[in-house]
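Reader: I'm new to this one and don't want the whole tour at once. Could you pick one part, look at it closely, and then show me how it sits among the rest?

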Amino acid sequence: MSNNRVSPQRLSDVIMQRLEAMILEGSFKPGQKLPPERELADLFGVSRPSLREAIQKLAAKGLLSSRQGGGTFVSERMGSSFSDPLLGLLDSHPEFQHDLLEFRHSLEGQSAYYAALRATPADRESLTSAFGALKASHQLADPAAEAKADAAFHLAIAEAAHNVVLLHTIRGLFNLLQQSIAGNLSQLFEKETSRRQLLQQHQALLEAILAGDAEGAQLKSHEHLVYVEAGLRELSDRESRAERALRRARSAT
């Protein structure tokens with residue numbers, strides 16, 4: 001019968017699991033500095049030596065890193081699923097941007113759906129703040145600033161969805177998403193009506209989530225991406241026609 005006995009779990013392992021869960025759920029983000037040891041120990045109701053042991057175990061796993069005199073940080077690698085070389089490849093091959101848009105349809109539609117169902121008051125405040133930042137950047141007419149705010153708004157939706165797999169997939173895509181949005185906006189900025197329409201679409205998406213309309217939020221997400229895709233395709237077709245016309249003009253001379 002002695003073989004059936006369950007060994008008591010070490011306190012440091014319990015703390016480690018709690019910290020892991022907080023990293024997974026997005027309470028602690030990649031690159032974020034953890035609160036001081038005393039504050040964390042009070043939060044968990046444990047001694048500082050037990051907390052320190054848990055932090056050392058997470059550091060050994062590569063989830064945390066310590067800086068001399070600077071505290072403990074969540075590993076930046078938690079948010080780097082898509083590497084810089086891949087970003088460079090996709091940037092140099094714009095024909096694959098439509099593949100990314102198709103992928104976004106699936107991820108962001110689901111994020112919007114679950115955000116509408118699960119958003120807490122704190123999530124709603126974060127979403128409203130993220131949209132406010134997007135609206136402010138829209139006034140600057142700066143594609144880079146607006147792309148950063150746009151991507152941050154979509155990341156806030158993923159956080160409000162409370163699905164850790166969706167969250168970390170979209171967070172891993174963040175740099176790629178931001179770069180893609182910047183490229184899309186720089187092209188769509190050619191039409192002022194397009195810029196206004198994009199902002200209105202984001203507002204409609206926000207309102208559906210805040211209203212708890214899951215199916216409506218998913219629909220608004222898809223409508224937004226369909227609009228972007230159609231706009232980019234129209235610009236691409238226009239450029240192709242212009243290039244054909246130029247080739248014909250050259251061959252006639």
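Author: Let's start at Arg10, which is partly exposed, with a relative accessible area of 48%. Keep in mind as you look that this is a predicted model. What does the side chain of Arg10 meet in a salt bridge? The partner is Glu53, with 2.7 Å from N to O. Arg10 sits in the segment before α1 (11-25), while Glu53 belongs to helix α3 (residues 48-60), so this pair ties together parts that are 43 residues apart in sequence. Glu53 is partly exposed too, at 25% relative accessibility.

There's another link of this kind a bit further along. Glu20 and Lys61 make a salt bridge in which the closest N and O atoms are 2.6 Å apart. Here the distant parts of the chain are helix α1, where you'll find Glu20, and the loop between α3 and β1 (64-67), where Lys61 is; they are 41 residues apart.

Those are two of the 10 salt bridges in the structure. To see another kind, jump to helix α5 (residues 97-118), which holds both Glu108 and Arg104, 4 residues apart, or about one turn of the helix. Their side chains also meet in a salt bridge, at 2.6 Å from N to O, and both Glu108 and Arg104 are buried. Back where we began, Arg10, Asp13, Glu53 and Lys57 are joined into one network by salt bridges that share partners. As a general point, side chains of opposite charge can pair when their charged atoms come close.

Now for helix α1 itself. With 15 residues at 1.5 Å each, α1 should span 21 Å, and its end C-alpha atoms are indeed 21 Å apart, which agrees. Which residues of α1 are buried? They are Ser12, Ile15, Met16, Leu19, Met22 and Ile23. Look down the axis of α1 and these buried residues fall within an arc of 125 degrees, so they line one face of the helix. What do they pack against? The buried residues of α1 pack against α2 (37-44), α3, β1, β2 (71-74) and α8 (164-172).

Next, the end of the helix. Gly26 follows α1, and its phi is positive, near 95 degrees. After that you can pick out Pro30 in the loop between α1 and α2. Pro30 counts as partly exposed, at 22% relative accessibility. Try finding Phe73 from there: it is 43 residues away from Pro30 along the chain, yet their C-alpha atoms are separated by 7.9 Å.

Let's turn to the surface. Leu24, Val164 and Val165 make a nonpolar surface patch of about 250 Å². Val165 is in helix α8, and it is exposed, with a relative accessible area of 59%.

While you're there, take a look at His162, in the loop between α7 (143-161) and α8. His162 has a positive phi of about 55 degrees even though it isn't a glycine. That's worth a second glance, because most residues other than glycine have a negative phi. His162 counts as partly exposed, at 46% relative accessibility.

For contrast, step back into helix α7 and find Ile157. Is Ile157 buried or exposed? Ile157 counts as buried, with a relative accessibility of 2%. Leaving aside residues up to four places away in sequence, Ile157 touches Ser111, Ala112, Ala115, Leu127, Leu205 and Ile209. You can also check Ile157 against Ala119: the two are 38 residues apart in sequence, with 8.7 Å between their C-alpha atoms.

Finally, zoom out to the whole protein. Its secondary structure comes to 11 helices and 2 strands, and the elements run α-α-α-β-β-α-α-α-α-α-α-α-α from the N terminus on. Of its 253 residues, 38% count as buried. Among the protein's contacts with a separation of 6 or more, 74% come from residues 24 or more positions apart. The protein exposes about 14200 Å², with carbon and sulfur atoms supplying 53% of that.

Definitions and conventions: Residues are numbered from 1 along each chain as its sequence is written. This is a predicted model: local features need pLDDT of at least 70, side-chain atom pairs count only at pLDDT 80 or more; totals for chains, interfaces and linings use all residues. Side-chain values use heavy atoms; hydrogens and water are left out. A salt bridge is a side-chain nitrogen of Lys or Arg within 4 Å of a carboxyl oxygen of Asp or Glu. Buried means under 20% relative accessible area, exposed over 50%, partly exposed in between (1.4 Å probe, protein chains only). The expected span of a helix is 1.5 Å times one less than its number of residues. The arc is that of the directions from the helix axis to the C-beta atoms. Contact means heavy atoms within 4.5 Å. Patches are made of residues with over 30% relative accessible area and no salt bridge: like charges are joined within 9 Å, nonpolar side chains (Val, Leu, Ile, Met, Phe, Trp, Tyr) within 5 Å. Accessible areas come from the Shrake-Rupley method with a 1.4 Å probe; for residues, only the protein chains shown count as cover.
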